[in-house]
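Got the viewer open? Let's walk through a few spots, one selection at a time.

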Amino acid sequence: MTVPDDVRIALVGCGRISRNHFEAIERVDGLRMTAVCDNDEERAREAGERLRVPWFRSYEEMLARAECDLVSICTPSGLHPAQGVLAAKAGKHVVSEKPMAISLTGADELLHACDAAGVHLFVMKQNRLNPAIQLLRQAIEKDRFGRLYMLNCTVRWSRPQEYYDQAPWRGTWEFDGGAFMNQASHYVDLIQWMGGPVETVMAKTATLARRIESEDSGVAVLRFRSGALGTIEVTMLTYPRNMEGSITVLGERGSVKIGGTAVNKVEHWSFADYDDDDKLVEQVSTNPPSVYGFGHESYYRNVLQVLRGEEAPRTDGREGRKSLELILGIYASARTGCEVPLPLRDRF
């Protein structure tokens, strides 16, 4: 598929996360916004006028009329597969916000549609591109830890009832899922990216304080195929504000914790053997204005380079499916009270 000098991007879903996409696209030479869409007319018009691009209320109309090479999908999670399939059938590359779907059936339909159309499917996992996370990943790839023993992700954030009340789809099983599927999905992705394939998961979830269908808190215990153990702790009830978004990796020859509110700060870095990467520890800590971090721009730079044939995708559809399957395993365990093996035998 021929890609023009400027990749033209149409975006659907002009809500909370869209601003990060707009700002990132604006900063990448070679990317150009050409249309926006939202079923809320006021929101669509405001975004279109601010960006000086055509705006639409109908997604199908935007696909038919807008000049674009790629569609960025920033709508409620339950809509991602169907909208991505329509974009693929229209011959457009797809960037999906996390998660790519809320069921494996939806994820696979989107994967197959993009494969059949010969278009790329990118799944937004921008936290992988945080400088501190990149340094940790490099340490794992260099085998600096030796055998991995324990991994932990902690997400202690605050989402008041007003957050859920702002949009009726939030916290619903049909369109969103709960704390694991939405807010903590990046952290589920990080722990399996660092620790490797998960063999089994045992989990408990609860809706302790928010008036929503899904969970506002939960814990999960993982056994990785390597034999390492992992834990994930998630809550949206931290008082009075976001406290921590972290990952810790402990191995036979190293211990690292990347913390801050959004895995943005090296809090502990210790290895038995020296490596020149150790000089970079002070440089990679960042102070992002929100828990979304700075990774959207780096992600879109990769998208552009992939479409130009210069790089491989950082997280494509199949990579995005891995963390979705783990989240669904967490939910299956919480629902049944049983330890759940992966890959899942049943398609959720």
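Which side chain of opposite charge is nearest to Lys98, and how far away is it? Select Glu97: its side chain is 5.4 Å away, and Lys98 has no salt bridge although it is buried. Here buried means under 20% relative accessible area (1.4 Å probe, protein chains only), exposed over 50%, partly exposed in between; a salt bridge puts a side-chain nitrogen of Lys or Arg within 4 Å of a carboxyl oxygen of Asp or Glu.

Before moving on, some housekeeping. This is a predicted model, where local features need pLDDT of at least 70 and side-chain atom pairs count only at pLDDT 80 or more, while totals for chains, interfaces and linings use all residues. Residues are numbered from 1 along each chain as its sequence is written, and side-chain values use heavy atoms, leaving out hydrogens and water.

Stay on Lys98, in the loop between β5 (93–96) and α5 (104–117). Add Asn182: the two side chains share a polar contact of 2.9 Å (N or O atoms within 3.5 Å, one able to donate a hydrogen and the other to accept it; residues adjacent in sequence count only if both atoms are side-chain atoms).

Next, pick helix α6, residues 131–141. Its buried residues include Ile133, Leu136 and Ile140. The partners that the buried residues of α6 pack against include α8 (185–195) and β11. Just past α6, click Asp143 for a positive phi of about 60°.

Finish on β11 (residues 244–251) with Leu250, partly exposed because its relative accessibility is 33%.

Technical notes
Helix = DSSP H or I, 4+ residues; strand = E, 2+ residues; numbered from the N terminus. Lys, Arg positive; Asp, Glu negative; His and termini not counted. Contact = heavy atoms within 4.5 Å.
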